[in-house]
Every structure is written in structure tokens, then in C-alpha cells.
Amino acid sequence: MFVFERRFGALCAGCNCSLRTRRSLPGYHLRVVTATELPVESRVAPASLAKTAAAAAAALVFWFLPLGLSPLVQHALAISLFMVVAWITHAIDHALAGFIGCYLFWALKVADFPLAFAGFADSTPWFLMGAVFFGVMATKSGLARRLAYLVMRAVGPRYARLLFGLILADFLLTFLVPSGIARVVIMAAVALGLMEAFGVGRTSNIARGMFIILTYTATIFDKMIIAGAASIVARGAIERVGGVEVLWSRWFLAYLPCDLITIFVAWRLTLYFYPPEKPTLPGGESVLQNAVRALGPWSALEKRAALLMATAILLWMTDFIHHISAPMIGLGIGLVATLPTIGILDTDDVKRVNYLPIFFVASAVSMGQVLVATKALDVLTDALFAWMAPFVTNVYSSTLVLYWSAFAYHIPLGDETSMLATSVPVLMTFAKAHQLDPLALGMVWTFGAGAKIFVYQSAPMVVGYSYGCFTARDMLRIGACLTLVESLITHKRYRADHLIEAYELLVPEVRHARQRAPHSRAELREAKTAKAKTRRGER
């Protein structure tokens, strides 16, 4: 279901993300691609002894370097270096590299066992497990597929409308199917059917436009909604290290304007770069009506899945009232889905889930906990973010610096989950040291991680690329334009402070309850001066 180590031979294992039957309709062929049929090439070599040895050698050299650090700090950094290098090079499975790192923290007495494996007792990986169960529910029941086709029918038979429907369906599926890979697979099945209905090939503008935009948006919507592993990891680090509460509703409402603008801009850019050969679907609306009709009436599984997911979304959207944490809601609803009779998932479904990404997230959280406990995170903060301090003086410059720094940091690291797992704790330490708002900085940094221009930067992008409908140059062109647009959106209208204030205007209770930290050194000095004047007046 969630595969971040890019071993694409086991894509979406256990999510049952496709129909088990194929239906053909006049003028419209609903050929649904199963996980084993996906035209996906393995673009990363299997576990490499040479790369693993290189990661170990880098850690060993760092272990003995005369850096003037305390032994505990240097040893913690050395083991963390092994983990990060192994993740960057994909020397071995991400989860296995994480397990080895946690074991080394414990075996080499850098941390005791509860601390070395603290991430497994954190709510973050279990939130991800609940999200995995959500994806399995949506795909097994057929709810995700039905939603996609209902959106297609609603928008109409013109290509421009169908393209908008693909983007909108991708956004809506983010609530039901947190895995970007699974969303690409689901939407690709719809796009392949539309290609056949239009009578065009894979190199046509229609095919290129549909596939490139459904692929790209699958990697960005789950940063603006706490759904995928990347945003779940970021949320956990902001709460744990930043020391602030991160509400699901706050995150969603703050980014909602960005979502709407992104949907519109992505749609118009695709139409501009890839004008369709045929403006209207041959056969008209009847083709889409027949496609929905072929799905049949709502099944009992679909109804139960829709009820459970609607309950979860309602609880998330009202968490400012009841303050039940998002992980508790997500995992709780996921476990309810496994109960006999009232649930959707059986034992075989649970067995087929790929749990390694959950273990990877847990090990990444453990690494962060060890770095915090050993004070090694302070060293990393000074090394990685000291240059940023002169530029983070107001919301205008800080937003741009944060966004483009996250974009640049993502290029060499590649995998966005490991990128956020290793960088957000450091960023939170920097925020607290400079009296900046941890939540605002963390949200912008996470948003910057969604900006991509190369195919290798995200597993869902590699999956979409493997269908052969667009080139790396296409991705560079669309990615560069959308990256620039997202930066302007964040800077000009929805800056770091406005992301939070937009939510607080909608929910006054939060505005009254929340203590807003100063956003810059100038604000901090002003606050201190005002406080001193107040004291003198009292005297």
C-alpha cells in the first residue's frame, strides 16, 4: 500500500486497488489494471552490499573524527549518518536500515532500549497504520473507484472538464486513500479507459496531460491534508519536538485556499501545455453514464466504508472541540474496520498489508528521539540552519527561505518521508531557539517538500512515469511551473502566519486559547520592551 523504499515490484500490496473483473462497454472499455499487471519497471537496484558498506564506512569515519564533540553526541550523529546515507542511496530497505540504526543506538550504548526504539511507542507510525487501513477499505470496497467515476460523470464529456474531474477526484481521494501510489493506480485505470474512449495513444496530448497531472497532484495534495506518510511524519515531529498541538482541522482549513488555487492552476497549465487532439469524448455523456451504471448499485461494503470514513473525517474536522488526537481517530476507525460483521477487512486483508513503511517511520522517529535526548540535535541545528537566521526576520522573507530551502533539501535526499523525518526535528529546534512559531515553520517546510521537478523524487511519480505517457522533460516543465506557483501562493497570500490565522478566524475558540509566539527577533525585542515598560509603570 505505502511503498517508500521504491521497490515497485510489490506496489500497493494488499490494497486490492482494482476490480477483479473487466467490463467492456460500447465505445468505452473499462479495463482495470490490477497490481500484478501494472507496467511498472523496477528503477532501483535491489539491496546493494557496496552501498551498505559505503554507508557503514561513512558512519565509521565520522565516529572517529576529531570534531571536539562529546562522545555521546558524536556517536549518535555517526549512527544517524549511517541511517540517512542508507536511505538516500537505497542500499537496503528503508525499514531494515532504520531497524539496524535503532539496534546500534542500543547495542553501542548511545541510548537504552526504551529510547533507542522510542518511535514504536509514538503515535506517528500508528497513525500511518490507520491510514493504511483506510486505503485498504476504500479500494477493497470499491468506494474509491466509484467516487472517481461519479466525479467524471458529474463534470461532463468535454476533455477540459474531464481533466478538471481527474484533478478533483485525485484531491477527494486523498481523504479516502492516503497512499499516493494507490491513488495513481486508481486514477490511471480511469485515465486508460478515457484514452481508449477518445481513441488516442500514449504519446498523445490527451494521454500526456492526464497522466502527468494526476501523477504530480498525487504527490502534493497529501502535504496540504494530513493523510500520507510524509505529512503524518511532519505532524508528529512538530508536536513532539516543537511542543505545539497540531489539529487536523487547523491544517486542512489553513491549506484549503492553497488546495483550490492549486487545482485551478494545475488544470489550466495542463491545458496550455497539452491542448487536446479531440475536445469532446466520442459518444458524449452516455459513455460516462454507462461507465457508472456498470459499477452496479452501492454494495454493503461500500456503504459501511463510506460510513466509517465519514465518521473519521467528521471527528477530524471537529477536533478543535473534542481534542481527540488525529492518530487516535485514524487508528481507532481502522481497527473498527477489522471487526467481524460490522467491518470491511478480514484477516487476509490485514495480512497482505505491507507493514515495512510503518516500521520505517517508527525507526525515523526513534532516531529523532535519540538525537533530542543526546543533545545531538542542537549540533545539527547549528550546522544546517545557522545560515538561515539572518533571513528569517519577518514572515515575507522567512516563507520564501523556508519553501525554497525545503525544495533544495529534497533534491539530494529524494524520498520525501525520510527528508521530513530527518529535517523537521532540526527545524523545530531552530524555531524554538529563535522564538519562531514552530507550527507555521513546520507547515511551510512540509509544503515545500511537495515541490518536485524530477521523477525520482517521489515513488508515486515513478509509478505514473512507468505508464509511458509522459517524459522526464514533461515532468520538469510542469514541476517547475507548479513549484514556482506554489511558492508565490505561500508567499503572497497565504504566508506562514496567515496559514494559521485563516484557521483561527474560522474557529475563534482556538484564537483565544492559543498563545502566539513572536515571528521574528524584532517582534521579540518589541515584546521585551513593552514588558519592561509595563514593569517600570507598575513600580
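**Three neighbouring helices and a buried glutamine**

In this predicted model, Ala76, Ile79, Ser80, Phe82, Met83, Ala86 and Trp87 of helix H2 meet His94, Ala97, Gly98, Ile100, Gly101, Leu104 and Phe105 of helix H3. Sorted by character, the residues of this contact comprise 10 nonpolar, four polar and no charged ones. Two packed helices are described by the angle between their axes and the distance between the axes. For H2 and H3 (residues 94-107), the angle is about 170° and the axes lie 9 Å apart. Angles over 145 degrees count as roughly antiparallel, and H2 and H3 are therefore roughly antiparallel to each other.

Helix H2 also packs against helix H1. The axes of H1 (residues 49-64) and H2 (residues 71-89) come within 8 Å and cross at roughly 160°. This pair, too, is therefore roughly antiparallel, and H1 passes H2 in a right-handed crossing. On the H1 side, the contact is made by Lys51, Thr52, Ala55, Ala56, Ala58, Ala59, Phe62, Trp63 and Phe64. On the H2 side, the partners are Gln74, His75, Leu77, Ala78, Ile79, Leu81, Phe82, Val85, Ala86 and Thr89. The residues of the H1 contact with H2 divide into 14 nonpolar, four polar and one charged. A look back at the two lists shows that Ile79, Phe82 and Ala86 of H2 take part in the contact with H1 and also in the contact with H3.

One residue of H2 deserves a closer look. Is glutamine 74, which is found in helix H2, buried or exposed? Buried means under 20% relative accessible area; glutamine 74 has 6% relative accessibility and therefore counts as buried. Which residues does glutamine 74 touch, leaving aside those up to four places away in sequence? They are Phe62, Trp63, Phe64, Leu65, Leu67 and Leu69. Of these, Phe62, Trp63 and Phe64 belong to the H1 side of the contact between H1 and H2.

The view can now be widened to the whole protein chain. Its secondary structure comes to 27 helices and two strands. Of the 539 residues in the chain, 57% are buried, glutamine 74 being one of the buried residues. Among contacts with a separation of 6 or more, 77% are between residues 24 or more positions apart. The chain exposes about 20900 Å², and carbon and sulfur atoms supply 65% of that area.

Key
Residues are numbered from 1 along each chain as its sequence is written. This is a predicted model: local features need pLDDT of at least 70, side-chain atom pairs count only at pLDDT 80 or more; totals for chains, interfaces and linings use all residues. Side-chain values use heavy atoms; hydrogens and water are left out. Helices (H or I, at least four residues) and strands (E, at least two) are DSSP runs, numbered from the N terminus. Buried means under 20% relative accessible area, exposed over 50%, partly exposed in between (1.4 Å probe, protein chains only). Contact means heavy atoms within 4.5 Å. Accessible areas come from the Shrake-Rupley method with a 1.4 Å probe; for residues, only the protein chains shown count as cover. Axes are lines fitted to C-alpha atoms, for helices over the stretch in contact, and angles run from 0 to 180 degrees between N-to-C directions. Angles under 35 degrees count as roughly parallel, over 145 as roughly antiparallel, 65 to 115 as roughly perpendicular and the rest as oblique. A crossing is left-handed if the near helix is turned anticlockwise from the far one by less than a right angle, and right-handed if clockwise. Ala, Val, Leu, Ile, Met, Phe, Trp, Tyr, Cys and Pro count as nonpolar, Asp, Glu, Lys and Arg as charged, and the others, Gly among them, as polar.
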